[in-house]
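Grab a pencil and work through these exercises with the model open beside you. Try each task before you read its solution.

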Amino acid sequence: MSYVDGFVLAVPKARLDDYKKLANTAGIVWMEHGALAYVECVGDDVPYGETTSFPRAVQAKEDEIVVFSWITYESRESRDAVMAKVMADPRLTADWATMPFDGKRMIFGGFKPFMEL
């Protein structure tokens, strides 16, 4: 069964085009190194919940939009190999001072699917 990395982050609306450019480069890099799918989604119907919600989880501010992303791999082993290549790829050298989002508020993790239809 496959393996999935998931991400949720807040992007300033004024920097959304910068984020999309970065995401496009990242998607190309991930796919070249073996990911099966790379998906980036901009929040469209993401209400601010009373207790929990996507905006609360990433401490989204009034001028930010929530982005939800995932990457699919053949397996956990494949993910680990792909991730090592991606992290070594010079096209994705991170300069956190100029990133179009606050990486400290990004949520991410790896998931083992238990069902795929």
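**Exercise 1: Y19 and R91**

With a relative accessible area of 7%, Y19 is buried. This is a predicted model, so keep that in mind throughout.

Task: Where is Y19 found, and how many residues and Å separate Y19 from R91?

Solution. Start with the element: Y19 sits in helix α1. Next, check the burial call: the cut-off for buried is under 20% relative accessible area, and Y19 has 7%. Now go across to R91: the two residues are 72 apart in sequence, and their C-alpha atoms are 15 Å apart in space. R91 itself counts as partly exposed, at 41% relative accessibility.

**Exercise 2: Pairs of opposite charge**

Task: Which residue forms a salt bridge with D89, and is D89 buried or exposed?

Solution. Side chains of opposite charge can pair when their charged atoms come close. Here the partner is R91, with 2.8 Å between the closest N and O atoms. Then look at accessibility: D89 is buried, at 8% relative accessible area, while R91 is partly exposed, at 41%. Elsewhere, salt bridges with shared partners tie D5, R76, R79 and D80 into one network.

Task: How many residues apart are R76 and D80 in helix α3?

Solution. Both residues lie in α3, 4 residues apart, which is about one turn of the helix. Their side chains meet in a salt bridge, 3.1 Å from N to O. For accessibility, take them one by one: R76 has a relative accessible area of 40% and is partly exposed, and D80 also counts as partly exposed, at 36%.

Task: What do the side chains of D18 and R15 meet in?

Solution. They meet in a salt bridge, 2.8 Å from N to O. D18 is partly exposed at 38% relative accessible area, and R15 is partly exposed at 29%. To finish the tally, the count comes to 8 salt bridges.

**Exercise 3: The largest pocket**

Task: What is the volume of the largest pocket, and which element gives the largest share of its lining?

Solution. Rolling a probe the size of a water molecule over the atoms shows where empty space is left. First, the volume: the largest pocket comes to about 710 Å³. Second, its walls: 34 residues line the largest pocket, and W30, W96, M99, F101 and M106 lie nearest its centre. Third, the elements: β1 (3–12), α1 (16–32), β2 (37–42), β3 (64–73), α3 (76–88) and β4 each give two or more residues to the lining. The largest share, 8 residues, comes from α1. Last, sort the lining by character: 21 residues are nonpolar, 6 polar and 7 charged.

**Exercise 4: A nonpolar patch**

Task: Which residues make the nonpolar surface patch of about 500 Å²?

Solution. The patch is made by F114, M115 and L117. Zoom in on F114, in the segment after β4 (107–111). To classify F114, use the cut-off for exposed, over 50%; F114 counts as exposed because its relative accessibility is 77%.

**Exercise 5: A backbone angle**

Task: Where does Q59 lie, and is Q59 buried or exposed?

Solution. Q59 lies in the loop between α2 (54–57) and β3. At 54% relative accessibility, Q59 counts as exposed. Now the backbone: phi of Q59 is near 55 degrees, a positive value in a residue other than glycine. For context, most residues other than glycine have a negative phi.

Methods:
Residues numbered from 1 in each chain as written. Predicted model: local features only at pLDDT ≥ 70, side-chain atom pairs only at ≥ 80, totals over all residues. Heavy atoms only, no water. Patch = residues over 30% accessible without salt bridge, like charges linked within 9 Å, V, L, I, M, F, W, Y side chains within 5 Å. Areas by Shrake-Rupley, 256 points an atom, 1.4 Å probe, with all protein chains shown as cover. Salt bridge = Lys/Arg side-chain N within 4 Å of Asp/Glu carboxyl O. Buried < 20%, exposed > 50% of the residue type's maximum accessible area, 1.4 Å probe, protein only. 1 Å grid on protein atoms, 1.4 Å probe; cavity = no way out; pocket = protein on both sides within 12 Å on 5 of 7 lines; lining within 4 Å. Points joined across faces, edges and corners; volume = space filled by probe spheres on them. Nonpolar A, V, L, I, M, F, W, Y, C, P; charged D, E, K, R; others polar.
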